[in-house]
Amino acid sequence: MRSILSSVGAVAVCLVAGSAFANSTGINGRSGKQSGLSCTASGCHSGGSSTPTVTLEGPTALTAGQTGQYSLTITGGPGVKAGMNVAVDGATLTAGSGTKVMSGELTHSLPKAFANGSARFDFSLVAPATNGTYKVFAAGNSVNGDNNQGGDSHANATLDVVVTGGSDPVTPDDTKDEGGCSVATSGAPAALIAVFVALAARRRRQSRQA
């Protein structure tokens, strides 16, 4: 089993537009899969008085090729509108209502209004053909909806999905070992035969000379 892991660094730069409206229709690369990116570092969507809770829900085990249904829920924070970004290495993400695919990741199509204190985004994940543990990274933004970058907050979540029933991953070391054994096994009998033939020929020559 292999683990597809990346740094769980700070995330979610401008998931919902503040003063810059360009990101109101979503942004990728801010799920937490990439390190060193944060709202604080970029001066965008910060200053909220409370931090939201972001949760990922869905199956934690899939068979190769199976499609699982997942949801990202943002609770609390400023709690007027919400945005999101989801990413995973090696598996395929499919957008649900209110989301879209951007460079292989998922993000919101438009900010989603909170209802009863939370906002939910649904999506699906298609398990790859290779067995392993695949980490889903998510970032959720809770904003106050005033179209300014202040007074907003974000949080992150991850979920491990174990894929079985497919092919096992092949590492370079495995390939090297198999090749080495193959060469050694096939070459050894030939070398021994050559030695025996040479010894037999030598004995025949010695017998004639005697």
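**Notebook: strand S6 and the core**

I began with Met84, whose bridge partner in S12 is Gly140. Worth jotting down before going on: I'm working from a predicted model.

Next I looked up the whole pairing of those two strands. S6 and S12 run antiparallel, with eight bridges between them.

Then I checked what else pairs with S6. Strand S9 (residues 105–108) is joined to S6 by two bridges, again antiparallel. On that side, Val86 has Leu106 of S9 as its bridge partner. Strand S10 (residues 112–113) also pairs with S6 in the antiparallel sense, over two bridges. There, Lys81 is matched with Ala113 of S10.

Is S6 buried or exposed? I found seven of its eight residues buried, so the strand is largely enclosed by the rest of the structure.

On to the largest nonpolar core, which has 27 residues. I asked which members touch the most others, and got Leu56, Leu72, Val86, Phe123, Leu125 and Val136. I then asked where the core residues come from: S3 (53–57), S5 (67–75), S6 (81–88), S11 (118–126), S12 (132–143) and S13 (150–164) each give at least two. S13 has the largest share, with five residues. My side note: nonpolar side chains tend to be buried together in soluble globular proteins.

Last, I pulled the contacts of Val136, skipping neighbours within four places in sequence. Val136 contacts Val86, Ala87 and Val88, along with Leu56 and Leu125. The rest of its list is Ala157, Thr158, Leu159 and Val161.

Conventions: Residues numbered from 1 in each chain as written. Predicted model: local features only at pLDDT ≥ 70, side-chain atom pairs only at ≥ 80, totals over all residues. Heavy atoms only, no water. Core = buried A, V, L, I, M, F, W, Y, C linked by side-chain atoms within 4.5 Å. Buried < 20%, exposed > 50% of the residue type's maximum accessible area, 1.4 Å probe, protein only. Helix = DSSP H or I, 4+ residues; strand = E, 2+ residues; numbered from the N terminus. Contact = heavy atoms within 4.5 Å. Pairing = 2+ DSSP bridges.
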